[in-house]
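Me: Could you walk me through how the helices in this protein pack together? I am new to this, so please go step by step.

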Amino acid sequence: MTVYERFLKYVSYPTTSDENNECCPSTEGQRVLAEELCRELLEIGVSDARVDENGYVYGSIPQNCEGMPSIGFIAHMDTASDAPGENIKAKMIDYNGGDVLLNEDKGIYLKVSDYPYIADLKGQRIIVTDGTTLLGADDKAGVAEIMSAAERLLHADFPHGKICIGFTPDEEIGRGADLFDVEGFGADYAYTLDGGA
């Protein structure tokens with residue numbers, strides 16, 4: 001599965017977090033995605049993949065050479081509540097510059113004046129919604145990138161130390177790191193794959 005196929009699959013899961021719910025994860029949709037990610041990690045060969053009682057997903061790829069540090073990669077599964085996060089109608093377009101018509105019926109555009117960095121994407125293929133929902137790229141794009149990189153590492157002859165994988169719930173409501181098992185994660189260094197422009 002390609003990274004964009006994974007991404008399109010993950011955005012189909014409604015995972016909007018709920019700041020009014022003190023449970024972790026704060027919504028059942030996040031737990032459903034966590035279970036799917038764990039299943040997929042096991043399927044690609046991450047034999048220690050697991051979901052803990054709080055909906056955090058952990059797994060690792062054993063080192064294949066000595067003397068290298070363990071590196072962790074982390075992304076969050078939840079989406080913000082700023083716009084609906086269900087029934088996402090994602091589509092891939094070849095971006096030729098200018099404003100992007102997302103929804104003809106509702107007259108919704110992705111405007112360069114609102115998001116000037118999209119001008120730099122001219123000539124690339126981009127994924128957008130119909131403008132009525134969030135896409136969920138924050139941070140299901142990071143989840144898809146980590147998952148695809150893990151699959152490649154498992155099937156490549158590339159020297160590396162232990163690779164630690166973590167997917168967290170509830171980042172959008174400021175609780176993503178609260179119950180993260182840093183010691184159990186086991187990374188000497190870690191990177192969060194989450195970003196904007």
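Me: Which handedness does the crossing of α1 and α2 have?
Reply: Happy to help, and keep in mind that this is a predicted model. On the α1 side, the contact is made by Arg-6, Lys-9 and Tyr-10, while α2 brings Leu-33, Glu-36, Leu-37, Arg-39, Glu-40 and Ile-44. The crossing of these two helices, α1 and α2, is right-handed.

Me: Are α1 and α2 roughly parallel or roughly antiparallel?
Reply: Look at the angle at which they pack: about 150°, with the axes of α1 and α2 12 Å apart. Angles over 145 degrees count as roughly antiparallel. So α1 is, relative to α2, roughly antiparallel.

Me: How many charged residues does the contact of α1 with α2 have?
Reply: Sort the contact residues by class. The contact of α1 with α2 has four nonpolar residues and no polar ones. The charged residues in this contact number five.

Me: How far apart are the end C-alpha atoms of α2, and why does that agree with its number of residues?
Reply: Helix α2 covers residues 28–44, which is 17 residues. At 1.5 Å a residue, α2 should span 24 Å. The model agrees with this, because the end C-alpha atoms of α2 are apart by 25 Å.

Me: Which residue just after α2 takes a positive phi?
Reply: Step past the end of helix α2 and check the backbone there. The phi angle just after α2 is about 115°, and the residue that takes it is Gly-45.

Me: Are α2 and α3 roughly parallel or roughly antiparallel?
Reply: The axes of α2 and α3 come within 10 Å and cross at roughly 15°. Angles under 35 degrees count as roughly parallel. Therefore α2 is, relative to α3, roughly parallel.

Me: How many nonpolar residues does the contact of α2 with α3 have?
Reply: From α2 come Leu-33, Leu-37, Glu-40, Leu-41 and Ile-44, and they meet Lys-140, Val-143, Met-147, Ala-150, Glu-151 and Leu-154 in α3. By class, this contact of α2 with α3 has three charged residues and no polar ones. The nonpolar residues number eight.

Me: Which term describes how α1 lies relative to α3?
Reply: Helices α1 and α3 pack at about 135°, and their axes are 9 Å apart. Angles over 145 degrees would count as roughly antiparallel, and 65 to 115 as roughly perpendicular. The angle here falls in neither range, so α1 is, relative to α3, oblique.

Me: Is Phe-7 buried or exposed?
Reply: Phe-7 sits in helix α1. Its neighbours in space, leaving aside residues up to four places away in sequence, are Ile-127, Leu-135, Gly-136, Ala-137, Lys-140, Ala-141 and Ala-144. Buried means under 20% relative accessible area. Since the relative accessibility of Phe-7 is 6%, Phe-7 counts as buried.

Me: How far apart in space are Phe-7 and Ile-127, C-alpha to C-alpha?
Reply: Along the sequence, Phe-7 and Ile-127 are 120 residues apart. In space, C-alpha to C-alpha, the distance between Phe-7 and Ile-127 is 9.6 Å.

Me: Why does Glu-145 count as partly exposed?
Reply: Glu-145 belongs to helix α3 and touches Val-3 and Leu-193, not counting residues up to four places away in sequence. Buried means under 20% relative accessible area and exposed means over 50%, with partly exposed in between. Glu-145 counts as partly exposed because its relative accessibility is 39%.

Me: Which residue does a cis peptide bond join to Asp-138?
Reply: Most peptide bonds are trans. In this model, though, the bond after Asp-138 is cis, with omega about 15°. The partner is found in helix α3, and its name is Asp-139.

Me: Is Asp-170 buried or exposed?
Reply: Asp-170 is found in the loop between β8 and α4. Its phi is near 60°, a positive value in a residue other than glycine. With a relative accessible area of 1%, and buried meaning under 20%, Asp-170 is buried.

Notes
Residues numbered from 1 in each chain as written. Predicted model: local features only at pLDDT ≥ 70, side-chain atom pairs only at ≥ 80, totals over all residues. Heavy atoms only, no water. Helix = DSSP H or I, 4+ residues; strand = E, 2+ residues; numbered from the N terminus. Expected span 1.5 Å × (residues − 1). Axes fitted to C-alpha atoms, helices over the stretch in contact; angles between N-to-C directions. Left-handed = near helix turned anticlockwise from the far one by under 90°. Contact = heavy atoms within 4.5 Å. Nonpolar A, V, L, I, M, F, W, Y, C, P; charged D, E, K, R; others polar. Buried < 20%, exposed > 50% of the residue type's maximum accessible area, 1.4 Å probe, protein only.
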